Amino acid sequence: MSHVRIAMIGTGYVGLVSGACFSDFGHEVVCVDKDKRKIDLLEQGVMPIYEPGLAELVASNVRANRLSFTTDLASGVKDADAVFIAVGTPSRRGDGHADLSYVFAAAEEIARALTKPAVIVTKSTVPVGTGDEVERIIAEVAPDSGARVVSNPEFLREGAAIADFKRPDRVVVGTDDEIARQAMRDIYRPLSLNQSAPILFTGRRTSELIKYAANAFLAVKITFINEIADLCEQVGADVQEVSRGMGADNRIGSKFLHAGPGYGGSCFPKDTLALLKTADDNDTPLRIVEATVQVNDARKRAMGRKVIKAMDGDVRGKTVGILGLTFKPNTDDMRDAPAIAIIQALQDAGAAVRAYDPEGVEQAKGMLQNVDFVASPYTAAEGADALVIVTEWDEFRALDLNRIRQILRQPLLVDLRNIYPPAEAERAGLRIVSIGKPARK
Ligand code: NAD
């Protein structure tokens, strides 16, 4: 079998990208979401999220009749050989455990809709043992379905999601069942044909843990270089050069060694917390991850204080222009973005905030109050007492710094992503405060 009928339950960042890519592999994919607004938009050819290349990929596969959308889970699941669960697993309010209610609700609905022995694949990031629970739910609701439950965590990055999905470093599949393994080989066959990714078969619990261990490790790596950046500032060293010197060692690697305002987004904050809960429940504390979570939480607000300090410690009545709101470039995702804590710290200290982001404003409006959202980086700078780069969108890399200096009320640039060499900003007449750099004379 090479052509697989797939139902994708949950059409968010992961479900929509995965569904579109699977259909591009030649499979027949129905993307299901209970959010009618999303499905209506998709049926009109409008993307509910911003992800580079996604609109074109969706359109071409819809045209080829391989990709469709529905709110009706039962109709999507009915003929499927494989049903992917790609619903959200946010932090549960109060205790930080992964909220699995969406996963379990989807499992129950799927079980009720099964008409043949499909493979049920958990793509959502779920704590160790969730596959066992999904299997139990399916066995209870549909005891004779013959369904098999597989773990297949997703490693794509927002902003580069399609390339990541089509050329992953690895595909992890957790199952001990040979029929399920074969189904997963069929689904991912295009990747093995062009030798781009080996499938790493493991047990289901191991697969579930791989995802959390990988994300926690990356969070540790970012946080490590952020603390080194703070030390650089104290001792007159340059963190970008430290990173270069460290990263050239291929045991370390240069990725995720860029100091900045702290990690955010829809994955690292919640996944590190959920891993700590699993560790606690199993009496096996993960102290490095605990420290990482604490350091990163403190860092976001500390970045607000860094801006205030750069503005001579007093921002009351002053205006701060913010460039970039999303947790990273090339996405509209605002979940846990450092910009939120930074802006709140500035507002708490009495500053007025004006902000520009190429894609994030719509989501930001629901999360931030009293922010003046503007339509260009220059409007954000106009008459402001400081301009702060929070997210390294490409369009901020080539600003006309002379113009920025002329329209700012105070010529101060706070570059929390180190995208401008200090000397370049100073040539334009700006005072610059960077991350992890020696103090400027
Ligand atoms: P999302 O919030 O963008 O999308 C989830 C979607 O599921 C929503 O549209 C929601 O309406 C839908 N949904 C929930 N319950 C449903 C149900 N019963 N039936 C149909 N639809 C339902 O979430 P996301 O960012 O795509 O993340 C999904 C999962 O993938 C999470 O576990 C996340 O940790 C993991 N993940 C995310 C990323 C990422 O970069 N966003 C990367 C790797 C893994």
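These legends go with close-up views of a predicted model. Local features need pLDDT of at least 70 and side-chain atom pairs count only at pLDDT 80 or more, while totals for chains, interfaces and linings use all residues. Residues are numbered from 1 along each chain as its sequence is written, and side-chain values use heavy atoms, with hydrogens and water left out.

**View A. Strand β9, covered on both faces.**
Strand β9 spans residues 319-323, and five of its five residues are buried. Helices (H or I, at least four residues) and strands (E, at least two) are DSSP runs, numbered from the N terminus. Buried means under 20% relative accessible area, exposed over 50%, and partly exposed in between (1.4 Å probe, protein chains only). T319, G321 and L323 sit on one side of β9, V320 and I322 on the other, and all of them are buried.

**View B. The strands that pair with β9.**
Two strands pair if DSSP finds at least two bridges between them. β9 and β10 (residues 352-356) run parallel and are joined by five bridges, with L323 standing opposite Y356 of β10. Getting from β9 to β10, the chain passes through helix α14 (residues 338-348), in a right-handed β-α-β crossover. Right-handed here means that, with the strands pointing away from the viewer, the path from the first strand over the helix to the second runs clockwise. Strand β12 (residues 386-389) also runs parallel to β9, joined by four bridges; there, G321 has L387 as its bridge partner.

**View C. The ligand and its shell.**
The ligand is surrounded by 25 residues, and the closest are D33, K38, T89, E158 and K270. A residue counts as near a molecule if one of its heavy atoms lies within 4 Å of it. By type, the shell splits into eight nonpolar, seven polar and ten charged residues. For that split, Ala, Val, Leu, Ile, Met, Phe, Trp, Tyr, Cys and Pro count as nonpolar, Asp, Glu, Lys and Arg as charged, and the others, Gly among them, as polar. Helices α1 (13-24) and α5 (101-113) each chip in at least two residues of the shell.

**View D. Close atoms around the ligand.**
K38 has a side-chain N or O atom 2.6 Å from an oxygen atom of the ligand. For V14, a backbone N or O atom lies 2.8 Å from a ligand oxygen atom, and for S266, a polar side-chain atom lies 3.5 Å from a ligand nitrogen atom. On its own the ligand exposes 840 Å², and the protein buries 90% of that. Accessible areas come from the Shrake-Rupley method with a 1.4 Å probe; for residues, only the protein chains shown count as cover.

**View E. Two aspartates with positive phi.**
D283 isn't a glycine, yet its phi is positive, at about 50 degrees. D283 sits in the loop between α12 (268-281) and α13 (287-310) and is exposed, with a relative accessible area of 71%. D312 has a positive phi too, near 65 degrees. The loop between α13 and β9 holds D312, which is exposed at 68% relative accessibility.

**View F. N61 in helix α3.**
Helix α3 covers residues 54-63 and includes N61, which is buried with a relative accessible area of 0%. The N61 side chain makes a polar contact with the side chain of D24 at 2.9 Å. A polar contact is a pair of N or O atoms within 3.5 Å; within protein, one must be able to donate a hydrogen and the other to accept it, and residues adjacent in sequence count only if both atoms are side-chain atoms.
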